[in-house]
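Please look through the structure shown here before reading on, and keep it in view while following the paragraphs beneath it.

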Amino acid sequence: MKVTVKTQNPGDIPSDLLVIPVFSTTSPTQGKRGQSTKTKTSPSLPRAVAALDKALGGAGQAALESSDFTGAAGQKALIYPVKNSSRVSRILLYGLGPAEKVDAEALRNLAGTAADEARTRKLAKLSILAPSHRGLSSEACAGALTEGAVLGAYRYEQYKSNGAKKTSRPDNYGPLRQVALIFPDLKKPAPVRSQVSTAEVASHGQNLARDLSNAPANALPPAALAREARRVARETGLVCRVIRGAELERGRFHALRAVGQGSQNPPQFIVLEHRGARTAKARKAAPLCIVGKGITFDSGGISLKPSGGMQDMKHDMSGAATVVGTMQAIAQLNLPCHVVGIIAAAENMPGGRAYRPGDVIGSRAGKTIEITNTDAEGRLVLADALDYAVDVFKPAAMIDLATLTGACMIALGEWATGVFGNSDELSKEMADAGQSTGECMWPMPLFPDHLRIMKSHIADIKNSGAREAGASTAAAFLKEFVGETPWVHLDIAGTGWKSPKNSYQKTGATGVGVRTLVAWVKDRVQQ
Ligand code: BES
Ligand code: MN
Ligand code: ZN
């Protein structure tokens, strides 16, 4: 699937489906029970499609003059023209709501719906007329439309006997081959095209993260996750190193090994490096590190989880998936900086060799940890990963992503990722990046008292505290392993996967964080 920018007349571009955005003109003063008021005026077609609509016998105009299409946000009307002398075979009118409220997220929804419709109908050529909108530059508009289209066309159907293969490969979007974004009055297409290709790369990275997170745990144990990381490295020029077996022991990854020891599928520690610095100054600069929790299945271990919903714990490596997707995008964009992706992968299983509640284990940092709950495993594998990152790479900034706590999911739901850290500046950078990508990042507290809850009587620290403030006490545990490094922890327990879908987010893994991290790294290199 390829996204292109076209400046021709919409009627001259061969399209199986042309999507036309329509602003509503109705004042929002609706009657109490939703009945329309007398002030309603019909919405109008964009100027660029006036000629096309004539060629279709005025079908679009007729739909707008009917009283049921108002252009309200998300409203759709599909038209199969009877009389047609254009190259467009179907039209979808899509309501954007009042023009002054339209933002990038509205455009992602528009393009997401468009791509979803095209894929559901097995169409090959989709065109989307870009809304002309004063509030958004053509570049921003093109970026958002591209993201919506690539994410909205995603399906996870590789286990359906007649389904498509991995959707994260650009050539695997089923019959959908081409998405044309039409900017009829565009004077300078070059910057718009470059925005489209950046957004395409980032969104394909996000779809890769979704493929990895959606994979069943039997298909993607830690070693298979490492293989996927190696494949991405080979294809994009990243440097990949995998530490496993005796080398993990020699490297003192005690916490990671303890979590993985109950499983037949041994833990793997994965490092992906983008050495993209091009100037002498950039080469001397400390790298950025992104660290992901890679629990390929979290049964809870001996502190076994209840069975309801346990199947979702195949997604407990969503942080790791986001790291792989982000590193792929950073490599493909060849951003001029040094970025390191780090993944601690293990499977948390009960069994004769499993670690137990009451065990005291070591960690790479040298701290001893009393295990009070084997289901608090994410912070253990991250403790070794964060310590490794700080020790080996001395990063300028470090971000970790983890489906870490049910508490964070309860606090923020599927609407926001929890942001914790030791640097207000870095937290703000993440929130700003999330704002630009539509991925909400919400600040959460991390008090010295949260660490007090994690004090152990017999070891340096214990791995689970009380129920209260569970997301913050988990973050306080992690903080013990980052030293002075500016660090942000993103708890994606609520945002890593979804049950209901919206226009560009299908049921299942979201790949949350990929576009935000790419935006963040891009911002850092531009500073
Ligand atoms: N992977 C889970 C957190 C999780 C739960 C994410 C539900 C998404 C949905 C994590 O490993 C876990 O089990 N956390 C425990 C920690 C507790 C034992 C201190 C939790 O949140 O209950
Ligand atoms: Mn757990
Ligand atoms: Zn977990």
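The paragraphs that follow take up the metal sites, then the cysteines, then a pair of helices and finally two loop residues. The model is a predicted one, and everything said here about positions and distances should be read with that in mind.

A good place to begin is the zinc ion (ligand 3), which is coordinated by Lys-293 through NZ, by Asp-298 and Asp-316 through OD, and by Glu-377 through OE, at 2.0 to 2.4 Å. Along the chain these donors follow the spacing K-x4-D-x17-D-x60-E. The site links distant parts of the chain, since Lys-293 belongs to strand S9 (residues 288-298) while Glu-377 sits in the loop between strand S12 (369-370) and helix H11 (378-393), and the two residues are 84 residues apart. Lys-293 counts as buried because its relative accessibility is 2%, and Glu-377 is likewise buried, with a relative accessible area of 1%.

What arrangement do the 6 donor atoms around the zinc ion (ligand 3) make? The angles they subtend run from 79 to 174 degrees, and the arrangement is therefore octahedral. For comparison, the ideal angles for six octahedral donors are 90 or 180 degrees.

The zinc ion (ligand 3) has a neighbour, for the manganese ion (ligand 2) is 3.2 Å from it, and Asp-298 coordinates both. The protein donors of the manganese ion (ligand 2) are Asp-298 (OD), Asp-375 (O), Asp-375 (OD) and Glu-377 (OE), which lie 2.1 to 2.2 Å from it. In sequence, these donors of the manganese ion (ligand 2) follow the spacing D-x76-D-x1-E. Because Asp-298 lies in strand S9 and Asp-375 in the loop between S12 and H11, this pair ties together parts that are 77 residues apart in sequence. The manganese ion (ligand 2) also has 6 donor atoms, but with angles of 71 to 169 degrees among them its site is irregular. Asp-298 is buried, with a relative accessible area of 3%, whereas Asp-375 is partly exposed, at 21%.

The cysteines come next, and here a search of the whole structure finds 0 disulfides. Such a bond is a covalent one between the sulfur atoms of two cysteines. Why does Cys-440 not form a bond with Cys-408, which holds the closest cysteine sulfur? The sulfur of Cys-440 is 11 Å from that of Cys-408, and this is too far for a bond, given that a disulfide needs the two sulfur atoms within 2.5 Å. Cys-440 counts as partly exposed at 34% relative accessibility, while Cys-141 is buried, with a relative accessible area of 3%.

Turning to the helices, the axes of helix H4 (residues 138-152) and helix H5 (residues 189-214) come within 8 Å and cross at roughly 30 degrees. H4 is therefore roughly parallel to H5, as angles under 35 degrees count as roughly parallel. The crossing in which H4 passes H5 is right-handed.

Two loop residues complete the tour. Most residues other than glycine have a negative phi. Lys-122, although not a glycine, has a positive phi of about 55 degrees; Lys-122 lies in the loop between helix H3 (104-120) and strand S5 (125-129), and counts as exposed at 63% relative accessibility. Arg-252, which is not a glycine either, has a positive phi of about 65 degrees. Arg-252 is found in the loop between helix H7 (245-250) and helix H8 (254-260), and its relative accessibility of 40% makes it partly exposed.

Notes: Residues numbered from 1 in each chain as written. Chains lettered and ligands numbered in written order. Predicted model: local features only at pLDDT ≥ 70, side-chain atom pairs only at ≥ 80, totals over all residues. Heavy atoms only, no water. Donors = N, O, S within 2.8 Å, 3.2 Å for Na, K, Ca; no water. Tetrahedral: all angles 85-135°; square planar, octahedral: opposite > 155°, others 65-115°. Helix = DSSP H or I, 4+ residues; strand = E, 2+ residues; numbered from the N terminus. Buried < 20%, exposed > 50% of the residue type's maximum accessible area, 1.4 Å probe, protein only. Axes fitted to C-alpha atoms, helices over the stretch in contact; angles between N-to-C directions. Parallel < 35°, antiparallel > 145°, perpendicular 65-115°, else oblique. Left-handed = near helix turned anticlockwise from the far one by under 90°.
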